[in-house]
Amino acid sequence: MNPFDRRWRELARTARAAQRKSLPEVDALLGPQLLRRGMGSSRRGEAVEELWRWYGVRGLVASMTILMVCLALAWRAGREPALGRPAVENAVAETFSWL
Amino acid sequence: MDAAPPDIWPCLEGVLAGDDAAACDLVCLLHPLVMKIVRANRPNRMSEEDLGQEVFAKVFDRLPSYERRDGVPFEHWVARLAVRTCLDAIRAENRRPEVRLADLADGEQAWLDYLTQRSETSPMGAENDAVEIMERLLEGLSPEDRLVIRLMDLQEHSAAEVSRLTGWSAVGVRVRAFRARTRLRRLAQEARQKGHL
């Protein structure tokens, strides 16, 4: 063992002796507090899981349905010729034709 | 006559079932072990009580996922959790500003002289100064090195025990301790030469 290591060990031994004071008191309420906190968070976790089970899948189905309807409407609108139906012009011409 | 300490396994079952008395018993049973680890490994600016509570909070949070293994005491799991919590706290700690050697207490200076072989006899009656100079030197190490030195030199754990507590290999712990002491020697010598620590 080199001189530094020997001296370091002596320093550590002295520091150890200084740290040998009594441990702080046990907080009697700590256990029940932590227990309640843990149970509260697990209950919250269960509630979130329950909500997800009820609304998550239904929400997903609803979104998919809306998406399918939108796609169908878009497809139908795509098939109908948008041009060649000058609705505004026709309406204007019809309105003013009797004048 | 003192009542016999409660057994740990019924306590754990009670805690998992939400029993307040079992939670009290568990904290009382683990308190000496947790506080001993916390005391030896806490960062300078964090109180023992705060860090101890953090460890207990983790123990209670993770208890449902604890898996009992034959021949492995529950205390090992707790000790490892406590050591990891301390290591995280040390990692989060900022270093104290450097101090001039002239501003150190006489006892601290005497210990530094002794470490750097400027004096042949160790200072007498300077126990708190020994703690202080040791902490100042340890601050120059990485959190992992600091943890190993504290566990081995302050708590007198063997390399195998440190390996169990940290999850690092025993050989790795020995190498780390050797390098950490070499770095401590260099830090002490540099402090003497530069005049600040």
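Here are some notes on chain B, going from the overall fold to a few single residues.

1. First, a caveat: this is a predicted model, so please read every number below as computed from that model. Chain B is helical in its secondary structure, with nine helices and zero strands. Going along the sequence, the pattern is simply α-α-α-α-α-α-α-α-α.

2. On overall dimensions, the C-alpha atoms of chain B fit a box of roughly 60 × 35 × 35 Å along the principal axes. Of the 197 residues in the chain, 48% are buried. Take the contacts between residues at least 6 apart in sequence: 61% of them join residues at least 24 apart.

3. Helix α4 of chain B is a good place to start looking. It covers residues 74-92, and its 19 residues should span 27 Å at 1.5 Å a residue. The end C-alpha atoms sit 28 Å apart, which agrees with that expectation.

4. Which residues of α4(B) are buried? They are B:Phe74, B:Val78, B:Ala79, B:Leu81, B:Ala82, B:Val83, B:Thr85, B:Cys86, B:Leu87, B:Ala89 and B:Ile90. As for what covers them, the list includes α1 (8-16), α2 (20-41), α3 (48-62), α7 (143-154) and α8 (159-166) of chain B.

5. Now the packing of α2(B) on α4(B). Their axes are 10 Å apart and the angle is about 40°, which makes α2(B) oblique to α4(B). The crossing is right-handed. On the α2(B) side the contact uses B:Leu26, B:Leu30, B:Leu33, B:Val34, B:Ile37, B:Val38 and B:Asn41. Facing them from α4(B) are B:Phe74, B:Glu75, B:Val78, B:Ala79, B:Ala82, B:Val83, B:Cys86 and B:Ile90. By class, that contact has 13 nonpolar residues, one polar and one charged.

6. Helix α2(B) also packs against α3(B). Here the axes come within 10 Å and cross at roughly 130°, so this pair is oblique too, and the crossing is right-handed. From α2(B), the residues in contact are B:Ala23, B:Leu26, B:Val27, B:Leu30, B:His31, B:Val34, B:Met35, B:Val38 and B:Arg39. They meet B:Glu48, B:Glu49, B:Leu51, B:Gly52, B:Val55, B:Phe56, B:Val59 and B:Phe60 of α3(B). The class count for this contact is twelve nonpolar, two polar and three charged residues. If you are clicking through the model, try B:Leu26, which touches α4(B) and also takes part in the contact with α3(B). B:Leu30, B:Val34 and B:Val38 likewise appear in the contact with α4(B) and in the one with α3(B).

7. Further along the chain, how are α6(B) and α7(B) arranged, parallel or antiparallel? The axes cross at roughly 150° and come within 10 Å, so the two helices are roughly antiparallel. This crossing is right-handed. The contact is made by B:Met134, B:Glu135 and B:Leu138 of α6(B), together with B:Arg146, B:Ile149, B:Arg150 and B:Leu154 of α7(B). That gives four nonpolar residues, no polar ones and three charged.

8. Have a look at B:Arg192, in helix α9 (residues 170-194). Is this arginine buried or exposed? With 18% relative accessibility, B:Arg192 counts as buried, because the cut-off for buried is under 20%. Apart from neighbours within four places in sequence, B:Arg192 is in contact with B:Leu101, B:Gln109, B:Asp113, B:Thr116 and B:Arg118.

9. Two backbone angles deserve a glance. Most residues other than glycine have a negative phi. B:Gln117, though not a glycine, has a positive phi of about 60°. This glutamine belongs to the loop between α5 (106-115) and α6 (127-138), and B:Gln117 is partly exposed, at 42% relative accessible area. The other case is B:Glu156, with a positive phi of about 55°, in the loop between α7 and α8.

10. Last, B:Asp19, in the loop between α1 and α2. At 36% relative accessibility, B:Asp19 is partly exposed. Leaving out neighbours within four places in sequence, B:Asp19 is in contact with B:Gly14 and, from chain A, A:Leu35. B:Pro97 lies 78 residues away along the chain, and the C-alpha atoms of B:Asp19 and B:Pro97 are separated by 47 Å.

How values were computed. Residues numbered from 1 in each chain as written. Chains lettered and ligands numbered in written order. Predicted model: local features only at pLDDT ≥ 70, side-chain atom pairs only at ≥ 80, totals over all residues. Heavy atoms only, no water. Helix = DSSP H or I, 4+ residues; strand = E, 2+ residues; numbered from the N terminus. Expected span 1.5 Å × (residues − 1). Buried < 20%, exposed > 50% of the residue type's maximum accessible area, 1.4 Å probe, protein only. Contact = heavy atoms within 4.5 Å. Axes fitted to C-alpha atoms, helices over the stretch in contact; angles between N-to-C directions. Parallel < 35°, antiparallel > 145°, perpendicular 65-115°, else oblique. Left-handed = near helix turned anticlockwise from the far one by under 90°. Nonpolar A, V, L, I, M, F, W, Y, C, P; charged D, E, K, R; others polar.
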